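Student: I'm new to this structure and would like a close look at a single part. Could you pick one place and walk me through what surrounds it?

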Amino acid sequence: MRYLPHTPEEIAGMLARVGVDDLERLFDVIPPECRRTRPMVLPEARSEWELDRHMEALAGRVTPFRGARIFLGAGSYPHFIPEAVRFVTQRSEFVTAYTPYQPEMSQGTLQAIFEYQTLAARLLGLEVANASMYDGASALAEALLMAVRLTGRRAVALSRAVHPFYRRVVDTYLEPAGIARRELAFGPAGTTDPAGLGDADNLAAVAIQSPNVFGCLEPLDAFAERAHAAGALAVATFTEPLAFGLFAGPGKLGADIACGEGQSLGIPPSFGGPGLGMFAARLAHVRQMPGRLVGETRDLEGRRGFVLTLSTREQHIRREKATSNICTNNSLCALTAAAYLACLGKSGLRELARLNRDKAEYLKRGLAGRGVRLPFSAPTFNEFTALFPPAFRETHRRLAERGIVAGFPLERWYPELEDHYLLCATEVHERADLDALIAEVHA
Amino acid sequence: MKPLQELSFPEELRYVESHEWVRVENGVARIGITDYAQDQLGDVVFVELPAAGKTLARGAAFGSVESVKAVSELYMPLSGRVVEANPALDSSPELVNRSPYGEGWMIRVEPSDPAELAGLLSAAEYRERLKG
Amino acid sequence: MNPLQAATGLVFEEPLLWERGRNGRTGFSMPRRDVEETPLPQELSVEPPDLPELSEVDLVRHYVRLSQWNVAVDTAMYPLGSCTMKYNPKTNERQAALPGFALAHPLLPESLCQGALELIAALECLLAEITGLDAVTLQPGAGAQGELAGMLIFHAYHRRRGRVRSKILVPDTAHGTNPASAALCGYTAVPVASGGRGILEPQAVAALMDEQTAGIMLTNPNTLGLFEEHVAEIARIVHEKGGLVYGDGANMNAVLGRVDMGRIGVDVLHLNLHKTFSTPHGGGGPGAGPLCVKRELEPFLPVPRVVHREGRFAWSEDFPLSIGKLQAFWGNFGVLVRAYSYILSMGAANLEQASRLAVLNANYLRVGLREHYAPAHDRPCMHECVFSDARQRPLGVTTLDIAKRLMDYGFHPPTVYFPLVVPGALMIEPTETESKEMLDLFLAAMAAIAREAREDPERLRTAPTRCLRRRLDEVAAARKPTLTGRPPSAP
């Protein structure tokens with residue numbers, strides 16, 4: 001086996017040095033009652049060539065977005081990934097290192113993560129970002145736990161227009177700890193009504209997603225104002241950070257914590273993961289932040305360098321009193337996001353974000369021209385909700401057979417939204433793709 | 001870490017086994033951590049202290065002190081109400097190392113039960129405990 | 001033999017991204033604008049975030065230079081204990097990058113993602129077979145999230161039986177993630193001291209286990225690299241009081257094909273695919289932490305789960321007792337592809353051999369090092385061995401100094417100061433993919449360092465001298481944290 005370097009002679013020599021006569025004797029300490037009663041039954045080892053054939057066959061039974069006929073967003077977005085970004089983030093030295101516990105041998109990862117923290121904080125409009133969480137949903141759950149620690153209150157409110165998968169993850173994390181969750185309804189504009197918040201005096205946090213699960217921009221600033229007046233934290237989550245190239249980042253609108261999914265920033269969708277849990281907050285709250293942080297310092301000779309810092313928040317030191325149990329994070333994805341943002345630059349980000357919105361607006365207009373209704377009036381970014389006539393259900397199914405996915409049926413998550421579909425268009429969708437989809441709709 | 005004989009434990013202070021010291025001035029107790037505690041911790045990088053007005057019982061945790069790779073809880077040597085936390089430690093936690101009995105003090109407390117004072121250790125008794 | 005692995009060479013300085021950038025450059029090939037602009041409402045229009053602007057050349061050079069400041073498994077031996085820094089096969093990367101995997105949207109209709117669903121179902125079966133447990137979820141994003149899922153299952157199980165419990169037993173050798181994960185479920189972690197032989201004694205567990213205790217979290221082999229020989233007896237004690245046994249599978253690499261986790265009484269076990277199953281560590285992640293459970297606990301697994309019916313694979317949410325969801329989608333699928341690829345490349349015989357060689361390598365180092373360093377427990381170990389600086393401390397040399405000096409020889413240091421029960425611990429896990437000559441070089445370097453500790457301790461205290469940077473001031477970093485850089489436009 002090519003990953004196992006030992007020759008039989010070497011094994012014999014090493015065993016002699018260790019003082020046992022057979023490899024099996026190394027396991028003498030394992031009592032008989034702990035051993036397997038039969039050997040493992042696994043498929044026979046495949047050669048590299050055989051493996052390629054097998055994996056290609058499996059992957060061949062999945063429709064990738066490369067054909068650009070997949071109009072799905074809803075938490076994972078198809079975007080063009082520059083080869084330079086893919087190339088640098090595939091460097092062995094980044095990919096096969098671990099957490100930079102030994103800074104002198106890990107300055108590459110450390111500087112790259114410091115740069116990520118800086119760019120992420122700027123994108124989200126806050127003072128400090130951590131080195132990453134698993135994904136957007138678990139980042140939101142951790143943000144709410146942080147708010148509970150900061151305020152000492154044991155209830156949170158979440159908009160119903162927060163992605164239902166995110167709310168489900170929040171429930172999973174918060175329920176056993178006995179933290180109450182209150183839902184805020186969304187209104188006819190497709191956004192959450194700040195007046196619906198009511199009395200927030202017992203709340204640790206108010207969580208709003210913007211753009212929300214229907215694609216609509218939420219009045220985040222109004223929520224932040226109300227939350228602050230009641231002594232609660234404003235938590236903003238997101239699934240499409242590219243929107244902040246065009247619209248104000250959550251921190252700029254008053255959010256105390258911004259947390260969400262960064263997959264859009266140069267990371268392939270990979271059937272849902274790994275993505276990037278982005279997490280940013282105010283500097284005043286940094287000691288309650290979950291996750292790793294990289295800080296700048298100097299070496300013995302006064303040269304700039306970077307280290308993991310404020311580690312006393314973390315599980316390996318504070319154990320059961322840690323701010324989170326997270327250890328392994330999504331560092332390589334954070335590095336990718338930083339490289340992607342730097343590749344775009346300030347004006348590139350703006351231009352790309354504009355293009356995304358314009359493509360979605362084009363699709364909107366085209367569908368509306370075919371009689372499709374746009375039920376929500378709030379402004380959107382690169383996805384939006386459309387209400388089709390009931391016959392579209394059959395069209396949707398028929399198109400799927402041809403590898404065209406004409407949006408996500410929201411009815412699956414919101415039974416009251418019958419025939420509502422969430423459609424996404426980004427820079428990967430050419431005008432011809434959009435026209436082809438529009439042409440399929442017969443209202 | 002220094003040998004015991006190189007550490008200082010002023011005679012006029014009172015001590016507890018959890019390594020805090022107490023000095024009563026005009027009815028108010030000033031509290032900090034001992035030379036031994038700061039030496040064990042190494043470079044102090046952060047001190048978390050309670051807000052003034054908080055009432056805590058003897059033995060309750062009133063805050064924590066952190067080095068780069070360790071956290072230690074701080075325990076009340078006496079019951080009482082916190083009247084002040086050392087504001088200097090926020091920006092200069094190194095004072096705890098440099099001057100544990102002086103500028104590195106942590107809180108001032110109005111004792112609620114002066115009788116508890118009698119139960120505290122003298123410098124000699126504290127030093128004896130450290131040897132044990 | 002010269003143990004100096006590190007050569008001096010030309011290393012480039014590299015500024016921060018925004019120090020390198022120049023406004024007006026771009027590294028991005030903007031897709032053609034083939035639709036007209038839609039005017040943006042004035043009130044929504046804002047200045048975009050201040051990002052640096054670099055050409056593609058700048059960008060590539062920046063990151064390639066940064067990468068050269070890292071030591072990684074692909075450049076050197078990386079014997080970080082408990083992290084299983086084995087070689088990461090290149091074919092795994094190829095498979096994960098196949099368009100059908102990398103470019104698959106998670107919400108594709110089932111008819112358009114059968115291959116991905118099949119891979120998930122197949123990997124679940126393989127992991128069940130490897131561990132001896134009955135059902136598997138691949139959703140947890142890393143080991144600690146697997147632990148959290150496990151604790152949520154404990155919580156749900158006890159509540160289902162009408163007896164919510166408040167405590168959990170955690171050995172003093174456990175990873176910090178164990179008590180932290182348990183705390184998220186409201187459990188109070190009760191430490192169990194390991195016995196004089198470095199393993200848990202059944203009496204210690206029996207004395208603490210009661211009907212308020214949800215169960216125990218065990219790492220086996222433990223973080224001292226020792227097999228918990230009394231695990232079956234301990235499991236019996238815990239089960240008798242109605243508790244459950246959690247297995248932290250971080251160290252599974254030692255016992256592939258040898259131990260039946262179900263048979264020893266483990267009810268729930270997480271695996272770290274980025275350790276045992278060769279997926280790369282990525283400078284801190286992403287990983288994956290699948291959770292394997294006994295049949296009785298299967299109803300509690302996270303949703304959705306892949307089911308096979310009428311000849312096709314489908315998602316099912318139909319598990320009313322499920323603990324819920326841990327990630328927005330289905331887990332770190334890209335990592336799962338790599339682990340699946342690894343298991344298929346290895347087959348059963350090679351996986352078993354990998355464990356044998358991992359244990360052989362660790363014992364070879366143990367025997368080679370004990371002449372120079374104090375072993376925590378001087379007896380045969382599993383996949384890792386633990387030493388301390390007890391012999392060097394009187395010379396004024398600490399574990400940190402030894403670790404830093406090892407860098408000058410071109411090795412990544414072992415895990416240091418963990419497990420906490422061994423003061424000044426050096427926890428060394430070579431893994432099976434290091435060859436004998438590499439181990440010999442490592443031993444020679446460690447012997448040379450032990451000699452230097454006696455003859456020239458100052459050299460150790462000022463190490464490393466051959467890395468890009470000398471020792472970094474972590475105290476200053478923590479006292480006055482600088483966690484972000486200044487914007488490029490700032491002076």
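Tutor: Let's start with one term: a salt bridge here is a side-chain nitrogen of Lys or Arg within 4 Å of a carboxyl oxygen of Asp or Glu. Keep in mind as we go that this is a predicted model.

Now find Arg94(C) and Glu56(A). They form a salt bridge, and their closest N and O atoms are 2.3 Å apart. In general, side chains of opposite charge can pair when their charged atoms come close. This pair has company, as the count between chain C and chain A is 17 salt bridges.

Let's step back to the whole interface. On one side, 209 residues of chain C take part, and they are in contact with 190 residues of chain A. People often give the size of an interface as the accessible area lost when the parts come together. For chain C and chain A, the buried area is about 17,300 Å², with carbon and sulfur atoms giving 64% of that.

Next, look at helix H2 of chain A, which covers residues 48–59. Its partner across the interface is H10(C): the two axes come within 11 Å and cross at roughly 145 degrees. The crossing of H2(A) and H10(C) is right-handed. From H2(A), the residues that meet the other helix are Leu51(A), His54(A), Met55(A) and Leu58(A). H10(C) brings Val337(C), Tyr340(C), Ser341(C), Leu344(C) and Ser345(C) to meet them. Sort the residues of this contact by type and you get six nonpolar, three polar and no charged.

Follow H10(C), which spans residues 333–369, and you'll find another partner in chain C, namely helix H12 (residues 436–455). Their axes come within 10 Å and cross at roughly 30 degrees. Angles under 35 degrees count as roughly parallel, so H10(C) and H12(C) are roughly parallel to each other. This crossing is right-handed. On the H10(C) side, the contact is made by Asn361(C), Tyr364(C), Leu365(C), Gly368(C) and Leu369(C). H12(C) adds Lys436(C), Leu439(C), Asp440(C), Phe442(C), Leu443(C) and Met446(C). Here the split is seven nonpolar, two polar and two charged.

One last stop takes us back to salt bridges, which come to 76 over all chains. Among them is the pair Glu66(B) and Arg318(A), at 2.5 Å from N to O. This pair also crosses between chains, with Glu66(B) in strand E6 (residues 61–66) of chain B and Arg318(A) in helix H9 (residues 315–318) of chain A.

Conventions. Residues are numbered from 1 along each chain as its sequence is written. Chains are lettered from A and ligands numbered from 1 in the order in which they are written. This is a predicted model: local features need pLDDT of at least 70, side-chain atom pairs count only at pLDDT 80 or more; totals for chains, interfaces and linings use all residues. Side-chain values use heavy atoms; hydrogens and water are left out. Axes are lines fitted to C-alpha atoms, for helices over the stretch in contact, and angles run from 0 to 180 degrees between N-to-C directions. Helices (H or I, at least four residues) and strands (E, at least two) are DSSP runs, numbered from the N terminus. Angles under 35 degrees count as roughly parallel, over 145 as roughly antiparallel, 65 to 115 as roughly perpendicular and the rest as oblique. A crossing is left-handed if the near helix is turned anticlockwise from the far one by less than a right angle, and right-handed if clockwise. Contact means heavy atoms within 4.5 Å. Ala, Val, Leu, Ile, Met, Phe, Trp, Tyr, Cys and Pro count as nonpolar, Asp, Glu, Lys and Arg as charged, and the others, Gly among them, as polar. Buried area is the accessible area (1.4 Å probe) that two parts lose on being put together, summed over both.
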